[in-house]
Amino acid sequence: RDTHKQASPSLCFCQFDLKEKRSFFGQRKDYWDFLCQGLARCRQDHEGVRFVTSLDKLKTPVGRGRAFLRYCLVHQQLAESLQLCLLDLDNLREWYYARSPFLSPQHRVEILGSLYELDSVTFHLAL
């Protein structure tokens, strides 16, 4: 229960104004897919992505996204990981509608600044 409270602000930002996308087989894509694609475009082999994909119990993109956020919070990597995904504005526009705070330079700076401040907090979350 506490885990969801800690990750929920990040979850809200990642889901707000996210475009609905589907995989080739019709499965709904979510912010997990955005994060994986963003990190892959930066050629980042992220340990959190490897960890989450190794968990067989996670069946949905939302569940994998939550697990990734928890992993990043515990390992103090959330701001850096998200910043890498936000570097490619074309990719952002592909995944998010215009109202997304990620598409506003000012909001992006504020969000990332707040997330970097979280690096000083120690999280003990179940992974």
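This report describes the salt bridges, aromatic contacts, backbone outliers and internal cavities of a predicted model.

Residues are numbered from 1 along each chain as its sequence is written, and side-chain values rest on heavy atoms, with hydrogens and water left out. Because the model is predicted, local features need a pLDDT of at least 70 and side-chain atom pairs count only at pLDDT 80 or more, while totals for chains, interfaces and linings use all residues.

## Salt bridges

Side chains of opposite charge can pair when their charged atoms come close. With a salt bridge taken as a side-chain nitrogen of Lys or Arg within 4 Å of a carboxyl oxygen of Asp or Glu, the structure holds 9 salt bridges. The table lists some of them, including their N to O distances.

| Basic residue | Acidic residue | N to O distance |
|---|---|---|
| Arg-22 | Glu-20 | 2.9 Å |
| Arg-41 | Glu-94 | 3.9 Å |
| Arg-50 | Glu-47 | 2.2 Å |

Solvent exposure is given here as relative accessible area, for protein chains only and with a 1.4 Å probe, where buried means under 20%, exposed over 50% and partly exposed in between. In the pair of Arg-22 and Glu-20, Arg-22 is partly exposed at 46%, whereas Glu-20 is exposed at 51%.

The bridge between Glu-94 and Arg-41 has one partner in helix H6 (residues 89-95) and the other in helix H2, so that it ties together parts that are 53 residues apart in sequence. Helices (H or I, at least four residues) and strands (E, at least two) are DSSP runs numbered from the N terminus. Glu-94 is partly exposed, with a relative accessibility of 34%, and Arg-41 is also partly exposed, at 41%.

Arg-50 and Glu-47, by contrast, both belong to helix H3 (residues 47-53), where a spacing of 3 residues separates them by about one helical turn. Arg-50 is partly exposed at 37%, and Glu-47 is partly exposed at 39%. Elsewhere, Lys-21, Arg-41, Asp-88 and Glu-94 are joined into one network by salt bridges that share partners.

## Aromatic contacts

A pair of aromatic rings is described by the distance of the centres and the angle of the planes. Rings of Phe, Tyr and Trp (its six-membered ring) are paired if their centres lie within 6.5 Å, and planes under 30 degrees apart count as stacked, over 60 as edge-to-face and the rest as tilted. A search of the whole structure on this basis finds 5 aromatic pairs. One of them joins Tyr-96 and Phe-102 in an edge-to-face arrangement, with 5.4 Å from centre to centre and 90° between the planes. Both Tyr-96 and Phe-102 are buried, and these two residues belong with Phe-34 and Trp-95 to one aromatic cluster.

Lys-21, a member of the salt-bridge network, also places its charged end over the ring of Trp-95, 4.5 Å from the ring centre. A charge is said to sit over a ring if NZ of Lys or CZ of Arg is within 6 Å of the ring centre and within 35 degrees of the ring normal.

## Positive phi angles

Most residues other than glycine have a negative phi, and most peptide bonds are trans. Asp-17, which is not a glycine, has a positive phi near 60°. Asp-17 lies in the loop between helix H1 (2-15) and strand S1 (21-22), and its relative accessibility of 14% counts as buried.

Gln-76, likewise not a glycine, has a positive phi of about 55° and is found in the loop between H4 and H5. At 37% relative accessibility, Gln-76 counts as partly exposed.

## Cavities

A cavity is a set of points on a 1 Å grid over the protein atoms alone where a 1.4 Å probe fits but cannot get out, and its lining residues have an atom within 4 Å of a point. Grid points are joined across faces, edges and corners, and a volume is the space filled by probe spheres set on the points. By this rule there are 2 cavities of 30 Å³ or more, and the second largest cavity has a volume of about 40 Å³.

The lining of the second largest cavity includes Gln-76, together with Cys-72, Leu-115 and Phe-123 among others. Helix H4 (61-74), helix H5 (78-86) and helix H7 (105-118) each supply at least two residues of this lining. By residue class, the lining of the second largest cavity divides into 7 nonpolar, 2 polar and 1 charged, where Ala, Val, Leu, Ile, Met, Phe, Trp, Tyr, Cys and Pro count as nonpolar, Asp, Glu, Lys and Arg as charged, and the others, Gly among them, as polar.

Definitions and conventions. 1 Å grid on protein atoms, 1.4 Å probe; cavity = no way out; pocket = protein on both sides within 12 Å on 5 of 7 lines; lining within 4 Å.
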